[in-house]
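Q: Please give me a close look at the loop residue beside the ligand. Then work outward to the helices around it.

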Amino acid sequence: MGVMVAVEGLDGAGKATLVAALADAAARRGATVGTFAFPRYDADVHAALAGEALHGAHGDLRSSVHAMAVLFALDRSGAAPELRAARDAHDLVLVDRYVASNAAYGAARQEEDADGGFVAWVRALEIARLGVPVPDAQVLVRVPGDLAARRVRERAAADPSRTPDGYESDAALQARCAQVYDELVARTWLAPWSVVGAEEGRAALTRTAESVVAERLGDGTSRGIASGSSVRSDTIET
Ligand SMILES: Nc1ncnc2c1ncn2[C@@H]1O[C@H](COP(=O)(O)OP(=O)(O)OP(=O)(O)O)[C@@H](O)[C@H]1O
Ligand SMILES: Cc1cn([C@H]2C[C@H](O)[C@@H](COP(=O)(O)O)O2)c(=O)[nH]c1=O
């Protein structure tokens, strides 16, 4: 069985960019890689509804923190068989946003910390009740909120289909969410975490990806390394 690594962070933190770098680094080592990204807007009706609500559709749906979280959870529940199959088939399965996104964003929306009821509710719903697979490791892409927000704005300017949604345009929510993510890391919530910075620099991003892959796959492509609580901080320079 391969190793499943979830990549987490604020909107615009650089998760998708890191996932691509991790996949390249793993492939260079000869590892086989499967990738997933949540929400699966184009593949799952719950995700599609949540995405539409984030852009103002479906009346007061977005205002319900729990309703939004249930939609995101059902998206993952629907993907659970594919996730398990991918973990059986590959050395490494990379997931861009996973259960911790639901915990961090929902708690932040409720103005709770990681010890509040929302984070525990997400775990009970997704893991215990819906049977969503537990990842072997999680990586927090930790960047300053203003940098993440600038990247969201620049991406929207370059691509009109990426208009900021209701969460992306809420700076206070993003700040609270960053705080909850830090608390999840400190508590080794759900699985061990690594923390990486991703300020700038393609070469530095490649080095970070190589070190995360080495940490998770070990030397060569031996499987099942993700043990212990590893919290490391790599700041990527220019
Ligand atoms: N290390 C980096 N250095 C410079 N620019 C970066 C870096 N990482 C990401 N970016 C740029 O920042 C923007 C957002 O990156 P990306 O799409 O990877 O973020 P994300 O966390 O997946 O965002 P979202 O959750 O909102 O989809 C992109 O335009 C990307 O090219
Ligand atoms: C998967 C997932 C996502 N969210 C939040 C996080 C983002 O602000 C939006 C949309 O995600 P995207 O990566 O910007 O497309 O939804 C969440 O609250 N819970 C989740 O499980």
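**A buried arginine and its surroundings**

A: Arg97 counts as buried because it has 23 C-beta neighbours inside 10 Å. Buried means that 20 or more other C-beta atoms lie within 10 Å of a residue's own; 12 or fewer is exposed, anything in between is partly exposed, and C-beta atoms are placed from the backbone. The model is predicted: local features need pLDDT of at least 70, side-chain atom pairs count only at pLDDT 80 or more, and totals for chains, interfaces and linings use all residues. Residues are numbered from 1 along each chain as its sequence is written, while chains are lettered from A and ligands numbered from 1 in the order in which they are written.

Arg97 sits in the loop between β3 (92-96) and α4. Helices are DSSP runs of H or I with at least four residues, strands are runs of E with at least two, and both are numbered from the N terminus. Its backbone stands out too: phi of Arg97 is positive, about 70 degrees, although Arg97 is not a glycine.

Now the ligand. Arg97 is one of the residues around ligand 2. The others in that shell are Asp11, Phe38, Pro39, Leu54, Phe72, Ser101, Asn102, Tyr105, Tyr167 and Glu168. A residue is near a molecule if its C-beta atom, placed from the backbone, lies within 6 Å of it. Helix α4 supplies the largest share of this shell, three residues. By class, the shell has six nonpolar, two polar and three charged residues. Here Ala, Val, Leu, Ile, Met, Phe, Trp, Tyr, Cys and Pro are nonpolar, Asp, Glu, Lys and Arg are charged, and the others, Gly among them, are polar.

Two shell members share a special bond. The peptide from Phe38 to Pro39 is cis, with omega near 0 degrees. Pro39 lies in the loop between β2 (33-37) and α2 (45-54).

Follow α4 next. The axes of α4 (residues 99-110) and α7 (residues 171-186) come within 8 Å and cross at roughly 130 degrees. That makes α4 oblique to α7. Under 35 degrees is roughly parallel, over 145 roughly antiparallel, 65 to 115 roughly perpendicular and the rest oblique. Axes are lines fitted to C-alpha atoms, for helices over the stretch in contact, and angles run from 0 to 180 degrees between N-to-C directions. The α4 and α7 crossing is right-handed: the near helix is turned clockwise from the far one by less than a right angle, whereas anticlockwise would be left-handed.

On the α4 side, the contact uses Ala100, Ala103, Ala104, Tyr105, Ala107, Ala108 and Arg109. From α7 come Leu173, Arg176, Cys177, Val180, Tyr181 and Leu184. Contact means C-beta atoms, placed from the backbone, within 7 Å. These residues divide into eleven nonpolar, no polar and two charged. Tyr105 thus appears here and also around ligand 2.

Beyond α7 there is another positive phi. Leu190, in the loop between α7 and β5 (193-196), has phi near 75 degrees and is not a glycine. Leu190 counts as buried, with 21 C-beta neighbours inside 10 Å.

Last, the setting. The protein chain has eight helices and six strands. Of its 238 residues, 46% are buried. Among contacts between residues at least 6 apart in sequence, 80% join residues at least 24 apart.

Conventions. Contact = placed C-beta atoms within 7 Å.
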